[in-house]
Amino acid sequence: QVQLVESGGGLVEAGGSLRLSCVASVSIFSINVMGWYRQAPGKQRELVAAMATGGSTNYADPVKGRFTISRDNAKNTVYLQMNGLKPEDTAVYYCYAHKSGRQYDLDYWGQGTQVTVSS
């Protein structure tokens with residue numbers, strides 16, 4: 001079982017920055033992929049950024065060049081640095097973890113943190 005606790009959301013003006021943090025209850029070395037999703041009102045949850053254990057990253061097109069995912073292994077923490085925020089980035093942001101092995105394939109989610117960008 002993996003518990004994920006997000007923090008760092010809030011209200012920011014367009015063009016501003018926020019950094020989200022996600023602390024895992026286990027060593028993130030044991031997690032295959034960690035990342036961030038977001039869900040805006042009336043829309044489906046969508047991938048924002050993800051990072052595999054080996055360090056490879058993947059970003060959604062709308063955030064490329066503005067958002068950066070990183071991790072601190074010693075703190076079991078994954079970050080999402082968000083710069084150049086736009087009103088369309090307003091959403092609840094969820095931390096995500098995926099663990100897989102020979103006989104299991106499990107997804108875990110945090111409780112979400114609200115990000116609101118005013119124009």
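The following conversation goes through the terms used for this predicted model and sets values against their definitions.

Modeller: Residues are numbered from 1 along each chain as its sequence is written, and because this is a predicted model, local features need pLDDT of at least 70, side-chain atom pairs count only at pLDDT 80 or more, and totals for chains, interfaces and linings use all residues. Side-chain values use heavy atoms, with hydrogens and water left out.

Colleague: What makes the link of Cys22 and Cys95 a disulfide?

Modeller: A disulfide is a pair of cysteine sulfur atoms within 2.5 Å, and the sulfur atoms of Cys22 and Cys95 are 2.0 Å apart, so the pair meets the definition. Cys22 lies in strand 3 and Cys95 in strand 9, so the disulfide ties together parts that are 73 residues apart in sequence; strands here are DSSP runs of E with at least two residues, numbered from the N terminus, while helices are runs of H or I with at least four. The chain has zero helices and eleven strands.

Colleague: Why is Arg38 called buried, and Glu46 partly exposed?

Modeller: Buried means under 20% relative accessible area, exposed over 50%, and partly exposed in between, with a 1.4 Å probe and protein chains only. Arg38 has a relative accessible area of 6% and is therefore buried, whereas Glu46, with 37%, is partly exposed.

Colleague: How do you know that Glu46 and Arg38 meet in a salt bridge?

Modeller: A salt bridge is a side-chain nitrogen of Lys or Arg within 4 Å of a carboxyl oxygen of Asp or Glu, and for Glu46 and Arg38 the N to O value is 2.8 Å, so the pair qualifies. Arg38 also meets Asp89 at 2.9 Å, and Asp89 meets Arg66 at 2.7 Å. Salt bridges that share partners join Arg38, Glu46, Arg66 and Asp89 into one network.

Colleague: Which residues have the most contacts inside the largest nonpolar core?

Modeller: A nonpolar core is a set of buried Ala, Val, Leu, Ile, Met, Phe, Trp, Tyr and Cys residues joined through side-chain atoms within 4.5 Å. The largest one has 31 residues, and those with the most contacts inside it are Leu4, Met34, Trp36, Leu80, Met82 and Tyr93.

Colleague: Why does the radius of gyration agree with a compact globule?

Modeller: The radius is taken over C-alpha atoms, and the globule rule is 2.2 Å times the number of residues to the power 0.38. With 119 residues, a compact globule would have a radius of gyration near 14 Å, and the chain has 14 Å, which agrees.
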